[in-house]
Structure formats: structure tokens, C-alpha cells
Amino acid sequence: MCPHLHKSLFDAMPEKKQLLWNTRSLLDAGNYILCLHPSCNYFGNTKEYDTYHCHLHQQGTKHAIVLKLSPLHTLELWCNSCVKAVGFDGFASHVNQGLKTEHYFMKKLVQEIATFDPAKDSDVLQACIQKGRQSIELSLYQAQFRYSNTHIVDKDWYDAWLLFISGKSTICPGSLTNEKLFISSEKLDPTLTLGKDFELVGSLTRWYIERVYGIKDKIISANDLPNDADYCRMIHKIKIRQQINQANRYPPDITIE
């Protein structure tokens, strides 16, 4: 587990949320970092490589934990001292207890800063977080298939997510659950249909969902489907969709409200 994680990082969350969501547009070009040390108000950007920028900040202040905001690292917790994305397990099916604890801490911290509490946060801040999230996630949706493998998610959750990021709904879909897609704890139902029962998201989106929304049960990569007769039809449909996405470079357009 990253030794630089500490519960004191939660102490200044109200101030960090104000700084993050009210300061500037998160869609501007460049790489941003928000220092999460309770006594630090650093929120900066650079045209240079973002890890190098983080290193400069860490050298001057000795603050290890930051929140990264860039096209490929949106709302990602990063440790400058360990030089790694906090809680990232490479989508491994089995991880050690230390990394599980780190992943849990990371999710609590990211979700604290990426969501609002109607009882504590002002109407203005709530609106800023909602619009900021919608903009961030729409950009993620548009870019997700350029860099990565695809992963299987429940169609109902996916549709609710599209309604949110398009501005047609103000309600976030909540944690992702794929329970309906499995016939046992480990086996995906081979009779499922792409576009009816499930949809595909890229690795960038999967990692974002894990951090910001959370995943209640499990999610699998399309590349991990068993190569046997039961899954031939599903794999064929997925490969066709992947080829279409790669050819178009973008997923299908969605109407923005």
C-alpha cells in the first residue's frame, strides 16, 4: 500500500472541491494537478509532461498525493513519491490485500471530491460539479476507444450514463453493477446480445468508472471471454463493433441537451 495515504487528506475536502470545480474549465488544453495536502492550494497546469510537472511540485513542497486532470488521467489519484497511479491494479483478477486497501482508500478520496452532498454543498457548487462531470465524461466517451481494449458493462447502466453525460438527465447512474450479465460468480451468460443486454467501454472509461462511480461486483474485458463455441456469436459481434469503432475513431454521436 502507498505509505503516503493518510486520513488527513480528507480534512480539506470542502476547500479542494471549491478549488477544483469553481476555478477553471476542466476541458482547457493542458495537464492539471490539484495538490491534496490539507495546507496546500496548488492547482496548476503545464504544457510539458504532467509527471514532470508533478515532480517539480513535489520537490518544492514534499506533498506526495495529487489529483491528476488530463485527457488520459481524469480525476486520477497520483503519488509523486511512489511515482504511480494510486490504487490501479491493471484490471487484475487477483490482487494482494495491500493493494485492495489502497484501492478502497483511493475510491473514497476520489468520490469525495467528485460528488456533492446536498446537505453540505451550495447549489452553485452542486451545479458546477454536475456540469463539470458531464463535460469530463462526454469527452471520455468520445475518446475512449482510441487507446484501449474494450470491457463489458450492463446496458441499463450504460444508457443511464449516456443520459447523464448528454445533459438529458441530472441524475448520475450510481455504481456499476453487472450482476444480470453473469450466470455464476465467474461465468458470463453466453446468450447475451451486444446493444441489448450489454455495451462496451474502453479501458480509460473502465478505470474512470472504478474511481468515480465504483463497481459493485465485477467487470471483464472482451479479450478475456472464453474462446469456445458458446461465446462465438458474442465474440464475433464484439469484434465487428471494435472494428467499426477503430475505423470511425469515435463512438456513435449522442445528442447533447
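## Two helices at an angle

Helices α4 and α5 are oblique to each other. Why oblique? Their axes cross at roughly 120 degrees, and angles of 65 to 115 degrees count as roughly perpendicular, those over 145 as roughly antiparallel, so this crossing falls under oblique. The axes come within 8 Å. Helix α4 spans residues 123-143, and α5 spans residues 155-165. This is a predicted model.

Which residues make the contact? From α4 come Gln-130, Arg-133, Gln-134, Glu-137, Leu-138 and Tyr-141. From α5 come Tyr-158, Trp-161, Leu-162, Phe-164 and Ile-165. Sorted by class, the contact has seven nonpolar, two polar and two charged residues.

## A close look at Phe-164

Phe-164 sits in helix α5. Is this residue buried or exposed? Its relative accessible area is 1%. Buried means under 20%, so Phe-164 counts as buried.

Phe-164 has contacts well beyond its sequence neighbours up to four places away. Among them are Gln-130, Arg-133, Gln-134 and Glu-137, which also belong to the α4 side of the helix contact. Phe-164 also touches Ser-169, Thr-170, Ile-171, Cys-172, Pro-173 and Tyr-213. Leu-138 is 26 residues away along the chain, yet the C-alpha atoms of Phe-164 and Leu-138 are separated by 9.2 Å.

## A second partner for α4

Helix α4 also packs with helix α6, residues 203-213. Their angle is about 155 degrees, and their axes lie 10 Å apart. That makes the two helices roughly antiparallel.

On the α4 side, the contact uses Arg-133, Ile-136, Glu-137 and Leu-140. On the α6 side, it uses Leu-204, Thr-205, Tyr-208, Val-212 and Tyr-213. By class, there are six nonpolar, one polar and two charged residues. Tyr-213 of α6 is also one of the residues that Phe-164 touches.

## A covered strand

Strand β6 covers residues 150-154. How many of its residues are buried? Five of its five are, and the strand is mostly covered.

Strand β6 pairs with β7, residues 198-202. The two run antiparallel, and five bridges join them. Within this pair, Ile-152 stands opposite Leu-200 in β7.

## The whole protein

The protein has seven helices and seven strands. From the N terminus, the order is α-β-β-α-β-β-β-α-α-β-α-β-α-α. Of its 257 residues, 47% count as buried.

Take contacts between residues at least 6 apart in sequence: 68% of them join residues at least 24 apart. The accessible surface comes to about 13,200 Å². Carbon and sulfur atoms account for 51% of that surface.

Notes. Residues are numbered from 1 along each chain as its sequence is written. This is a predicted model: local features need pLDDT of at least 70, side-chain atom pairs count only at pLDDT 80 or more; totals for chains, interfaces and linings use all residues. Side-chain values use heavy atoms; hydrogens and water are left out. Buried means under 20% relative accessible area, exposed over 50%, partly exposed in between (1.4 Å probe, protein chains only). Helices (H or I, at least four residues) and strands (E, at least two) are DSSP runs, numbered from the N terminus. Two strands pair if DSSP finds at least two bridges between them. Contact means heavy atoms within 4.5 Å. Axes are lines fitted to C-alpha atoms, for helices over the stretch in contact, and angles run from 0 to 180 degrees between N-to-C directions. Angles under 35 degrees count as roughly parallel, over 145 as roughly antiparallel, 65 to 115 as roughly perpendicular and the rest as oblique. Ala, Val, Leu, Ile, Met, Phe, Trp, Tyr, Cys and Pro count as nonpolar, Asp, Glu, Lys and Arg as charged, and the others, Gly among them, as polar. Accessible areas come from the Shrake-Rupley method with a 1.4 Å probe; for residues, only the protein chains shown count as cover.
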